[in-house]
Amino acid sequence: MLEKLSEGLKEALDKLTRSGYIDKKVLDELAKDIQKTLLSGDVDLILAQNLTKKIEERALNEKPPSGLTPKEHVTKIVYEELVKLVGKKPEIMMKPGRIMFIGLYAAGKTTSIGKLAKYYQKIGLRTALIGCDIHRPAAMDQLSQLASQVNVPYYTPKDVKDPIEILKAGFDKLKKYDIIIIDASGRSSLDKDLADELKKIADFAKPNEVLLVIPADLGQAAGEQARGFKELVGITGIFLTKMDGTARGGGAITSCAITGAPIKFIGTGEKIDAIEVFDPERFISRLIGFGDIQGLLEKAKEADFKPETAAKMMEGKFTMNEFLEQLKSMQKMGSLKSVMGMIPGLPMKVPKEFDVDKQETKMKKLAIIIQSMNEEEKNDPSVINPSRVSRIAKGSGTSEAEVRELLKSYEQLKKVMKLVGSGRRGPFSKLFKKLM
Ligand SMILES: Nc1nc2c(ncn2[C@@H]2O[C@H](COP(=O)(O)OP(=O)(O)O)[C@@H](O)[C@H]2O)c(=O)[nH]1
Ligand SMILES: [Mg+2]
């Protein structure tokens, strides 16, 4: 999928990696390469220009976060701007409801309905199909065949010419199903007749989702179509089909993104399994080389270290919520015990509670106890007296002993942090940083 676009972007980033250091000239070159690649992927010229301008601007003005080299930083900026260009992460309906499919002839509606039916069946929502294409009997047959293929029930009468009548009977027959997908009729273009018919169906069916099916080989023209349907009929999302085998997918995606209608699914082939939830971050990661960008983002996250919080912690000043965050990050790092073990001569034994290895359930329990505290208590647990302990235990469904144990751990970590903090500028300062 989008091999050329992918190759072009990878090449541009490779060239960046090979360059000696980052200066205006290298960035200009990068911008030019990216722009050329996007244009060859049918992305609108102005969009491509704005994107590369933004990349250059950020690369010149933003300081790389600690932990990232300037080149890695620029790669991260390119990734982030491309993600923004292709839209927001869509919300996929995960509860029972009705989905109506609309779109022009041969867009891939019926095929995509089959794919989505299988998708929902797989996650455990019982799905059924209703055919409302009253103009083409063959379309009803196609839907029945697809339904049989993915093993879901269907209602596709060929002799009824009123879609509302079909829906009434269909909803009645299929009422025990979680997801009902409705196939509406298409036309060769969006005219008033089609808009009226679709609106009539939508008014009666009250769908939770109206998915517009658009073939990606339309390129930039996909955006106009999305806009047209959005204004005349109303849509909640786009199902972009035929992403395989077209070089124009970049244009289709970006032009849809600017209409504000989210792309929810993409179709990547004729087979029933060729469906993906559209996730901008994953999509772009894959386009520019998944492994590389993933590692880089993790590094940036690790480097997202806030000196203020650390300093506060070192003085033994932190709230219950920060305490929980610390416990979680210690869990990720391995136990505090092993980290502390690396500090020679630390004049204190590490309390058992901090050996947080493999203590998922305990961690969850602590989180629940903390959630049951009010803001005042979270910010300053010293106000918690016995009657408050009893209230928190009741509220969180734990025992008073467990609440007291948590408070004791908090006090102990405070002491440890103060101790560690007193050596902040000493030979172990690096380790302390890691500890945070
Ligand atoms: N390559 C490819 N073909 C697709 C995809 N989705 C649908 N098609 C094909 O597009 C054609 C029209 O599909 P159909 O579902 O009948 O479109 P409808 O008229 O909108 O219901 C069929 O030949 C499908 O196999 C896709 O994601 N990739
Ligand atoms: Mg059809």
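This is a short walk through a predicted model, from its core out to its surface and its charged pairs.

Start inside. The largest nonpolar core has 72 residues. Within this core, L30, I102 and L240 touch the most other members. Helix 4, which spans residues 70–85, gives the most to the core, with seven residues. Where does the core lie with respect to the domains? Domain 1 (3–87 + 293–302) and domain 2 (97–278) both give residues to it, so the core lies between them.

Next, take a helix that is well covered. Helix 10 runs over residues 249–257. Its buried residues are G249, G250, G251, A252, I253, T254, S255 and C256. That makes eight of the nine residues, so helix 10 is largely enclosed by the rest of the structure.

Helix 18 shows another pattern. This helix covers residues 386–396, and its buried residues are V389, I392, A393 and S396. Why do these four count as one side of the helix? They cover an arc of only 100° around the axis, which puts them on the same side of helix 18. The background is simple: an α-helix has 3.6 residues a turn, so residues three or four places apart point the same way. The face turned away from the buried side carries the exposed residues S387, K394 and G395.

Stay with I392 for a moment. I392 sits in helix 18. Its relative accessible area is 0%, so I392 is buried. How far is I392 from V403 in space? Their C-alpha atoms are 7.4 Å apart, and the two residues are 11 apart in sequence. Just after helix 18 comes G397, with a positive phi near 70°.

Positive phi values turn up elsewhere too, in residues other than glycine. Most residues other than glycine have a negative phi. L2 has a phi near 50°. L2 belongs to the segment before helix 1 (3–18). With a relative accessible area of 4%, L2 is buried. N151 has a phi near 65°. N151 is found in the loop between helix 6 (137–150) and strand 3 (154–155). Is N151 buried or exposed? At 63% relative accessibility, N151 counts as exposed.

Now look at the surface. L39, L45 and I46 form a nonpolar patch there. Together they have about 250 Å² of accessible area. L39 lies in helix 2, residues 24–40. L39 counts as partly exposed, at 36% relative accessibility.

Charged side chains come last. The model has 28 salt bridges. One of them joins E80 and R58, with the closest N and O atoms 2.7 Å apart. This pair links distant parts of the chain: E80 is in helix 4 and R58 is in helix 3 (residues 45–61), 22 residues apart. The two partners differ in cover. E80 is partly exposed, with a relative accessible area of 22%. R58 has 14% relative accessibility and counts as buried. The cut-off explains the split, because buried means under 20% relative accessible area.

A second salt bridge brings together the side chains of D273 and K118, at 2.9 Å from N to O. D273 lies in the loop between strand 7 (263–267) and strand 8 (275–277), while K118 lies in helix 5 (residues 109–122). They are 155 residues apart and link distant parts of the chain. D273 counts as partly exposed, at 47% relative accessibility. K118 also counts as partly exposed, at 27%.

A third pair is R126 with D178, where the closest N and O atoms are 3.8 Å apart. R126 lies in the loop between helix 5 and strand 2 (127–132). D178 lies in the loop between helix 7 (163–173) and strand 4 (179–184). The pair therefore ties together parts that are 52 residues apart in sequence. R126 is partly exposed, with 39% relative accessibility.

Some salt bridges share partners. Which residues do they join into one network? The members are K54, R58, E62, K76, E80, E81 and K84. E80 and R58, the pair 2.7 Å apart, are thus among the residues of this network.

Definitions and conventions: Residues are numbered from 1 along each chain as its sequence is written. Chains are lettered from A and ligands numbered from 1 in the order in which they are written. This is a predicted model: local features need pLDDT of at least 70, side-chain atom pairs count only at pLDDT 80 or more; totals for chains, interfaces and linings use all residues. Side-chain values use heavy atoms; hydrogens and water are left out. Buried means under 20% relative accessible area, exposed over 50%, partly exposed in between (1.4 Å probe, protein chains only). Helices (H or I, at least four residues) and strands (E, at least two) are DSSP runs, numbered from the N terminus. The arc is that of the directions from the helix axis to the C-beta atoms. Patches are made of residues with over 30% relative accessible area and no salt bridge: like charges are joined within 9 Å, nonpolar side chains (Val, Leu, Ile, Met, Phe, Trp, Tyr) within 5 Å. Accessible areas come from the Shrake-Rupley method with a 1.4 Å probe; for residues, only the protein chains shown count as cover. A salt bridge is a side-chain nitrogen of Lys or Arg within 4 Å of a carboxyl oxygen of Asp or Glu. A nonpolar core is a set of buried Ala, Val, Leu, Ile, Met, Phe, Trp, Tyr and Cys residues joined through side-chain atoms within 4.5 Å. Domain bounds come from an automatic or database domain assignment.
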